[in-house]
Amino acid sequence: MDSQVLMALALSLVGGLSTSIGALFVVLNEAPNLKILGLLQGFAAGLMLSISFLDLAHNAINSIGFLKGNLWFFGGVIFFGIIANFIPEPTLAPSSDVRGKKKSGDEGGKDTLKKHRRQVLYSGIITAIGISLHNFPEGMAVFLGSMKGLRVGVNLALAIALHNIPEGVAVALPVYFATQSLSISKQLES
């Protein structure tokens, strides 16, 4: 294999694996409470949105024009909306069997917390799906940029790596909060 292709693949890998750095920040700390969870998710979302609107959308509009740039933007929003529609979202409304039984305050609180955690888990799964879909073209951009020139590839890989760190936080934080574990398989079965 050509050395330029290997370098392009390595740079794409670095950009993609930087998502793991954000996840590592989450798993090395204790699982946060709901308030901290909301603050950290809001911070990660704000950071990602600011990068998208202040940098990526601006570049897209400059490259392909205002109309096409906005059409592709809203096309992506609709596409993700369709995908998210296929994933059932749990509700926090009490089920009929919970209303029929009188629970002690402690058991009722545990049940509500379990439902909250399940809803947060599904939020993390939807976020993971969206970020996975969005990371694929990022990897292609780094690869193709690296094939054009090493400097372009390194700059793209660095920018995407920095952008992927809060994405790792945005995925790992709700999953880790919901499961209190590094594995989600047990939580999905219950």
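This passage describes the largest pocket, the annotated spans and one helix pair of a predicted model. Local features required pLDDT of at least 70 and side-chain atom pairs pLDDT 80 or more, while totals for chains, interfaces and linings use all residues. Residues are numbered from 1 along each chain as its sequence is written, and side-chain values use heavy atoms, with hydrogens and water left out.

The largest pocket (an open set of points on a 1 Å grid over the protein atoms alone, where a 1.4 Å probe fits, with protein on both sides within 12 Å along at least five of seven lines) has a volume of about 1600 Å³. Of its 36 lining residues (an atom within 4 Å of a point), S52, L56, F73, G76 and H134 are the closest to the centre. Helices (DSSP runs of H or I, at least four residues) that each supply at least two lining residues are α2 (34-64), α3 (66-85), α5 (105-148) and α6 (150-179), and α2 gives the largest share, 14 residues.

In an unreviewed entry, UniProt lists residues 6-29, 36-57, 69-87, 120-136 and 156-178 as "transmembrane region". Residues 6-29 are 92% helix and 0% strand, with end C-alpha atoms 35 Å apart, whereas residues 156-178 are 100% helix and 0% strand, with end C-alpha atoms 34 Å apart.

Helix α1 (residues 3-27) packs against α6 at an angle of about 30 degrees, with the axes, lines fitted to C-alpha atoms over the stretch in contact, 6 Å apart. The two helices α1 and α6 are therefore roughly parallel (under 35 degrees) to each other. Their contact comprises 18 nonpolar, 8 polar and 1 charged residues.

Conventions:
Points joined across faces, edges and corners; volume = space filled by probe spheres on them. UniProt positions renumbered as here; feature names shortened; annotations may be inferred. Axes fitted to C-alpha atoms, helices over the stretch in contact; angles between N-to-C directions. Parallel < 35°, antiparallel > 145°, perpendicular 65-115°, else oblique. Nonpolar A, V, L, I, M, F, W, Y, C, P; charged D, E, K, R; others polar.
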